[in-house]
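Got your viewer open? Here's a tour you can follow by clicking along, one selection at a time.

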Amino acid sequence: MRIDVVTLFPDFIRESAALGVVGRAQERGLLAVHGWNPRGYATDNYRRVDQRPFGGGPGMLMLAEPLGACLAAARAADPAPARVIYLSPQGERLTQAKVRQLAAEPRLILLCGRYEGLDERFIDREVDEELSIGDYVLSGGELAAAVLVDAVGRLQEGALNHADSATQDSFEDGLLDCPHYTRSEATGTEGVPPVLLSGDHAAIARWRRQQSLGRTWLRRPDLLARARLDKADRALLAEFIAAWRAENPAGA
Ligand code: 4FV
């Protein structure tokens, strides 16, 4: 997969994508991340990349010309067609399901806004999809682009070693992850649910599924409403809720 990122801060994107699993995916040739700086395509003496908005008001917008020339160069850098994504608070909320969908694309071009963002006409003309990483305002789209590069990069086939397989991921099946415990000198096995020390893998899988269901019921009922639960899941969840209510009569 190839990801080109149009940003006034290409070093940030390059460095963040060189770390950990995503960095390893690049080393393994599973992913290539390239940064493109619109300032390199500014034509005036001051190499301006921003302009005041029509209608006045605070803030500036990114200038369409250098941005357009930069995007055209990024598009032309590889024959494969690219899906152009603009990261902005006005976009559809990014989810693991969307990440999985984008991870199957051959190429993405990510546009990082700065200032108040981009000219709407540029978005209409050039952008295939607008995505938001959350309902808050960043000073630039770079952090959002880095989030997307990481989330998509780690799903490239061969990026994750078995140990950290994506199948166990939160949201993999629309549920929150179960709690995890590991041996530490300090705590040993104190407070570790006994089933995890039992070696009974069927019981451990059952417990983990029940914890995922229960946590999602407690913390993200919105996700549970969208999750596909089978008969066994519903029985596990009912058992969890009954136990929780017995332990938390006040909260019941
Ligand atoms: C953002 C978000 C975000 C808005 C103005 C960049 C900033 C500035 N991007 N999810 N939330 N972008 O806050 O994606 O141009």
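## Stop 1: a serine in a strand

Start by selecting Ser 88, which counts as buried because its relative accessibility is 5%. You'll find Ser 88 in strand β5. Before moving on, remember that this is a predicted model.

Now show what surrounds it. Leaving aside residues up to four places away in sequence, Ser 88 touches Glu 130, Leu 131 and Ser 132. There's also a polar contact to look for: a polar atom of the Ser 88 side chain lies 3.0 Å from the backbone nitrogen of Gln 90.

## Stop 2: the largest nonpolar core

Next, select Ile 3, Val 5 and Leu 110. Among the 25 residues of the largest nonpolar core, these three touch the most other members. Which elements each supply at least two residues of this core? Color β1 (2-6), α2 (20-27), β5 (83-93), α4 (96-103), β6 (107-112) and α6 (142-153), and you have them. Helix α6 gives the most, with six residues.

Some background for this stop: in soluble globular proteins, nonpolar side chains tend to be buried together.

Keep Val 5 selected and show its contacts. Not counting residues up to four places away in sequence, Val 5 touches Ile 13, Val 33, His 34, Gly 35, Trp 36, Leu 110, Cys 112, Ala 145 and Val 149. A second core, separate from the one you just saw, has 19 residues, including Leu 8, Val 84, Phe 122 and Ile 123.

## Stop 3: around the ligand

Time to click on the ligand. Which of the 17 residues around the ligand come nearest? Those are Tyr 115, Ile 133, Gly 134, Tyr 136 and Leu 138.

Try checking a few distances from ligand oxygens to the protein backbone:

- Leu 138: a backbone N or O atom is 2.8 Å from an oxygen atom of the ligand.
- Tyr 115: a backbone N or O atom is 2.9 Å from an oxygen atom of the ligand.
- Arg 114: a polar backbone atom is 3.4 Å from an oxygen atom of the ligand.

Stay on Tyr 115 for a moment. Tyr 115 sits in the loop between β6 and α5 (120-126), and with 34% relative accessibility it counts as partly exposed. Tyr 115 also has a positive phi of about 55 degrees, although it isn't a glycine.

Want to see another residue with a positive phi? Jump to Arg 47, where phi is about 50 degrees, and Arg 47 is not a glycine either. Arg 47 belongs to the loop between β2 (32-36) and β3 (50-51). Its relative accessibility is 41%, so Arg 47 counts as partly exposed.

## Stop 4: helix α7

Now select helix α7, which has 19 residues. From first C-alpha to last, α7 reaches 26 Å, close to the 27 Å expected at 1.5 Å a residue. At the start of α7, zoom in on Asp 200: one of its side-chain oxygens reaches to within 3.1 Å of the backbone nitrogen of Ala 202.

Which residues in α7 are buried? Highlight Ile 204, Trp 207, Gln 210, Gln 211, Ser 212, Leu 213, Gly 214, Thr 216 and Trp 217. Turn on α8 (221-226) and α9 too, as both are among what covers the buried residues of α7.

## Stop 5: aromatic pairs

This structure holds three aromatic pairs. For one of them, select Tyr 181 and Trp 207: the pair is tilted, at 6.4 Å centre to centre and 50 degrees between the planes. Tyr 181 lies in the loop between α6 and α7 (201-219) and Trp 207 in helix α7, so the pair ties together parts that are 26 residues apart in sequence. Are these two buried or partly exposed? Tyr 181 is partly exposed at 40% relative accessibility, while Trp 207 is buried, with a relative accessible area of 14%.

Then pick Trp 217 and Phe 240. Their ring centres are 6.4 Å apart and their planes are at 80 degrees, so this pair is edge-to-face. Trp 217 is in helix α7 and Phe 240 is in helix α9 (residues 231-247), with their positions 23 residues apart in sequence as the pair links distant parts of the chain. Both Trp 217 and Phe 240 are buried. Add Trp 244 to your selection, and you have one aromatic cluster of Trp 217, Phe 240 and Trp 244.

## Last stop: an exposed leucine

Finish with Leu 19, in the loop between α1 (10-16) and α2. At 57% relative accessibility, Leu 19 counts as exposed. Draw a line from its C-alpha to that of Ala 232: the two are 40 Å apart in space and 213 residues apart in sequence.

Conventions. Residues numbered from 1 in each chain as written. Predicted model: local features only at pLDDT ≥ 70, side-chain atom pairs only at ≥ 80, totals over all residues. Heavy atoms only, no water. Core = buried A, V, L, I, M, F, W, Y, C linked by side-chain atoms within 4.5 Å. Buried < 20%, exposed > 50% of the residue type's maximum accessible area, 1.4 Å probe, protein only. Helix = DSSP H or I, 4+ residues; strand = E, 2+ residues; numbered from the N terminus. Contact = heavy atoms within 4.5 Å. Phe/Tyr/Trp six-rings, centres within 6.5 Å; stacked < 30°, edge-to-face > 60°. Expected span 1.5 Å × (residues − 1). Polar contact = N/O pair within 3.5 Å; in protein donor to acceptor, adjacent residues only side chain to side chain. Near = heavy atom within 4 Å.
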